[in-house]
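User: Please take a close look at the surroundings of the ligands in this structure, and at how the pockets, domains and strands relate to them. I would like one connected account with the residues named.

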Amino acid sequence: MKFHIKTFGCQMNMNDSEAIKGILKLKGFTPVEDITEADIIIVNTCAVRKKAEDKFYGKLGEINRVKKRKKNLVVGVCGCVAEKEKEKLLENNVVDFVFGTRSIPRIDQIIDEALKGKRFVYMEDHIEELDGSFPRIRDSKHHAWVTIIYGCNKFCSYCIVPYTRGREKSRPMPDILKEVSSLASQGYIEITFLGQNVDSYGKDLKDGSSLAKLLSETEKIEGIERLWFLTSYPKDFSDELIEVIARSNKIARSIHLPVQSGSNKILKLMNRGYTKEFFVELIQKIRKAIPDVSISTDIIVGFPGESEEDFYETIELVENLRFERVNLAVYSPREGTYAAKHFIDEIAQSEKSRRLQKLLELQKRINRDINKEYLNKEVEVIVENTLEKTPGFLYGRTINNKIVIFEGSRELIGQKVHIKICRTTAGPLYGEITKQEVKV
Ligand code: SAH
Ligand code: SF4
Ligand code: F3S
């Protein structure tokens, strides 16, 4: 049996797909890149914005054309659109089975049923079974994603995630530490802890576990060189966490803290639970304690009720805080959320685009200015991969999440090298290797 998995959405979906791949490979199935070769196709979907959902329906169209020629092809859908649409997805003849974000540990049995020719939806919660001993097939040999908390309890008014991923559930700390130790013994040197809100980690366990404690325990594991975590929630970002990062030389100096808007009126309508002033103070506190930290954020433009003044407050915030990166999104009403039910999506598409463009330009200028300061400096990176479009070139990441491009051979992937920066842009930095660590 040959299978193909297509993954949309966030790193958590990627990590889930790695678990699905692991189980199917253990079952004796072979992963294939080309969908026309596959006997089973699984699409792991994202529903965060309409655009993400549309991409999935586009993919279904492509699969439909393959299925017309290959009648016994079995097609499964999982991820956030699966949770959102459930039975409705079976109305589409291409789809044979649908399973939930918390049903992944049962993928073995789910596939068996599907191969018998049944068409069904399976949504049961077995997330606890997805522990550190689960076999995963990971793309990278040196950098691993490790989901530490599932779900979200925040219910920001615009967001579908709490409906598709369920309530917060933390994995026990010993289980995570076991997984990381095993990864370290396989040669992994970088770990990214994942969760919709990693700062909630441990609260539901009621045993004193927290993200700060987890990070300080993980950095003791021999072989682990760098630790990342995504995504943080401003209101829950603790002083203890700031201290742990400041003290460490392994935890990345990179924090992703979505602000969403610079207007208190909009933050309130979004149900984010903090004010602009709170956010600004938090950033100042973090920067004071961790001087070389880089902070990135997410912003939504065109939220219902966002006036020109509200938008201007966001511009001002971006101008003042000088983020390392800003992920910008245009508001997209998601069926079933509070905002979709109670607020009218009143801002014209053209106006939303104008606001998006304005912020994009501003951030580009900020990025260009921040990056200029790296010129002629030497940085240390862990080499991530080859540059697909330019043979002979590699890219790596600094501890504060700067992407650096340089010439070198692929044997350097997963190693630390020193680079002298000779050119900067609004995006990556470019440089030359000055020193490399020799791995023994
Ligand atoms: N848990 C994270 C991110 C979740 S989704 C957090 O709290 O920020 C990733 C990003 O998508 C969000 O930060 C938000 O900026 C964006 N997003 C979520 N729902 C959206 C919607 N309905 N329309 C537009 N952007 C949205
Ligand atoms: Fe969505 Fe808010 Fe939860 Fe992030 S914290 S996943 S934006 S509900
Ligand atoms: Fe998308 Fe679901 Fe992740 S909506 S962003 S795949 S949690």
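Analyst: A residue is taken to be near a molecule if one of its heavy atoms lies within 4 Å of that molecule. The model is a predicted one, and in it ligand 2 is surrounded by C152, K154, F155, C156, Y158, C159, V161, P162, Q196, Y233 and R272. By class, the shell around ligand 2 has eight nonpolar residues, together with one polar and two charged ones.

The shell of ligand 3 can be read beside this one. Ligand 3 is surrounded by C10, N13, T45, C46, A47, V48, C80, V161, R165 and Q196, and these residues divide into six nonpolar, three polar and one charged. V161 and Q196 are named around ligand 2, and V161 and Q196 are also named around ligand 3. The shell around ligand 3 draws at least three residues from each of domain 1 (2-126) and domain 2 (129-372).

To place these shells in the chain, the domain assignment is needed. The assignment gives domain 1 (2-126), domain 2 (129-372) and domain 3 (378-437), and the centres of domain 1 and domain 3, taken over C-alpha atoms, are separated by 35 Å.

Domains 1 and 2 also share the lining of a cavity. The structure holds one cavity of 30 Å³ or more, and the volume of the largest cavity is about 70 Å³. Its lining consists of M12, D16, T101, R102, I127, T147, Y150, G151 and R165, of which three are nonpolar, three polar and three charged. R165 is thus a lining residue of this cavity and a member of the shell around ligand 3. At least three residues of the cavity lining come from domain 1 (2-126), and at least three come from domain 2 (129-372).

A further space to consider is the second largest pocket, which encloses about 390 Å³. Of the 15 residues that line this pocket, I5, T7, K21, E33 and D139 are the closest to its centre. Two elements, β1 (2-7) and α1 (11-26), give two or more residues to the lining, and β1 supplies the largest share, namely five residues. The lining as a whole divides into seven nonpolar, three polar and five charged residues, and it draws at least three residues from each of domain 1 (2-126) and domain 2 (129-372).

From the pocket, β1 leads into a sheet. Six strands form an open sheet in the order β2-β1-β3-β4-β5-β6, and their pairing is parallel. The edges of that sheet are β2 (30-31) and β6 (120-122), each of which pairs on one side only. β1 is joined to strand β3 (residues 40-45) by five bridges, and the two strands run parallel. T7, one of the residues closest to the centre of the second largest pocket, has N44 in β3 as its bridge partner. T45, which falls within the residue range of β3, is one of the residues around ligand 3.

Two backbone details can be added from the loops. The peptide bond from L230 to T231 is cis, with omega near -5°, and T231 lies in the loop between β11 (226-230) and α8 (239-247); Y233, for its part, is among the residues around ligand 2. Q260 has a positive phi of about 75° although it is not a glycine, and its place is in the loop between β12 (254-256) and α9 (264-269).

For completeness, there is also a barrel to describe. Five strands close into a barrel in the order β15-β16-β17-β19-β18, with mixed pairing, and the twist from one strand to the next averages 55°. Within the barrel, strand β18 (residues 416-424) and strand β19 (residues 429-436) run antiparallel and are joined by seven bridges, and the bridge partner of H418 in β19 is K435.

Methods:
Residues numbered from 1 in each chain as written. Chains lettered and ligands numbered in written order. Predicted model: local features only at pLDDT ≥ 70, side-chain atom pairs only at ≥ 80, totals over all residues. Heavy atoms only, no water. 1 Å grid on protein atoms, 1.4 Å probe; cavity = no way out; pocket = protein on both sides within 12 Å on 5 of 7 lines; lining within 4 Å. Points joined across faces, edges and corners; volume = space filled by probe spheres on them. Helix = DSSP H or I, 4+ residues; strand = E, 2+ residues; numbered from the N terminus. Nonpolar A, V, L, I, M, F, W, Y, C, P; charged D, E, K, R; others polar. Domains from an automatic or database assignment. Pairing = 2+ DSSP bridges. Axes fitted to C-alpha atoms, helices over the stretch in contact; angles between N-to-C directions.
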